[in-house]
Amino acid sequence: MKALSATDVLPDHEAMADALQATGRYRILRRLAPRCELSMDDGSPKRNGLLVDVETTGLDPSHDEIIELAMVPFTYGLDGRIFRIGEAFDRLRQPAGPIPAAVTALTGINDEAVAGKHIEPAEVAAFADGATAADLVIAHNAAFDRRFLERFSDVFAHKAWACSMSQVDWAGEGFEGTKLGYLAMGAGFFYDRHRAVSDCLAAIELLAAPLPKSGRTGLNILLQEARRPTCRIWAENSPFAVKDHLKRRGYRWNGDGGAGPKAWYIDVDDGAVEQELAHLRNEIYRRDVDLPMRRITAYDRFSDRI
């Protein structure tokens, strides 16, 4: 291959990519380039956000362990604009036993990479609750990350949380699936998947961009959902024969040792509680019944404590 000389002109890859995409026969994915500034600071009121991601030895926080933790701070406006991304916290941790082969295949993290590494809970708490204390913690699957992190450090039990996977209507915006890699491809970029910092930066990029149908940023929608209180209703002692009816209506089974009774449950808006109770009394129990309920906000949503 001929070496480039000082007079050779390097190809304009962006122009080439634009030309290919303009034909309608190609779709271009660009590698995510980390950015510090996403929106111009206009002096509007700001809050501190923290995007978190954990890689673990498995799915059960009662016995599986964190092997990588990333936290990426950012500032945002009340309208959902993201202004600035701060320096990331990224640490590896050696678990008590060998990392399962399936986890290594997925994340690239092996026993050698984590040997002798540890994460200090005090350091994590200082980062999350320091000078720029997080007003909101976001994870892409907060029901997973929050359960691990609350066991690791108490600081996460007292924060408001939101989930960028479940609290944005990605399907309604034209995306196929809610996994982070699928959403990134739908938004036109790719990144190094299943490493904690890369996942955090990809989620922030998605939340900062205007969505294709509503024109709102993902964070704007997420903030609206996070601020909305809900009520959890447990259909305790419901007849076994109606389980399929409850599943079709959106109920989930609480049988993994979490808080609350071992029963089917659903989360509904505050204004829909009486309607849901009437449905249960008329269609499920066929009698008047008092059921366990709990009001849920961003401060306890996605936690094992409910």
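## Where the largest pocket sits

Domain 1 (30–227) and domain 2 (230–296) each contribute residues to the lining of the largest pocket, so this pocket lies between the two domains. Keep in mind as you explore that the model is predicted.

## The largest pocket

The volume of the largest pocket is about 990 Å³. Its lining is made up of 36 residues, and those nearest the centre are Ala143, Arg232, Arg252, Tyr265 and Phe302. Four elements give two or more residues to this lining: helix 5 (142–152), strand 9 (230–235), strand 10 (252–254) and strand 11 (263–269). Helix 5 gives the most, with 6 residues.

If you are curious about the chemistry of the walls, the lining of the largest pocket splits into 15 nonpolar, 11 charged and 10 polar residues.

## The second largest pocket

Next comes the second largest pocket, with a volume of about 520 Å³. Here 21 residues form the lining, and Asp53, Glu55, Leu106, Phe144 and His194 are the closest to the centre. Two or more lining residues come from each of strand 2 (46–56), helix 2 (101–107), helix 5 and helix 6 (180–187). Strand 2 supplies the largest share, 4 residues.

Sorted by class, the lining of the second largest pocket holds 8 nonpolar, 7 polar and 6 charged residues.

## An element to look at twice

Helix 5 is worth a second look in the viewer. This helix gives two or more residues to the lining of the largest pocket, and helix 5 also gives two or more to the lining of the second largest pocket.

Methods:
Residues numbered from 1 in each chain as written. Predicted model: local features only at pLDDT ≥ 70, side-chain atom pairs only at ≥ 80, totals over all residues. Heavy atoms only, no water. 1 Å grid on protein atoms, 1.4 Å probe; cavity = no way out; pocket = protein on both sides within 12 Å on 5 of 7 lines; lining within 4 Å. Points joined across faces, edges and corners; volume = space filled by probe spheres on them. Nonpolar A, V, L, I, M, F, W, Y, C, P; charged D, E, K, R; others polar. Domains from an automatic or database assignment.
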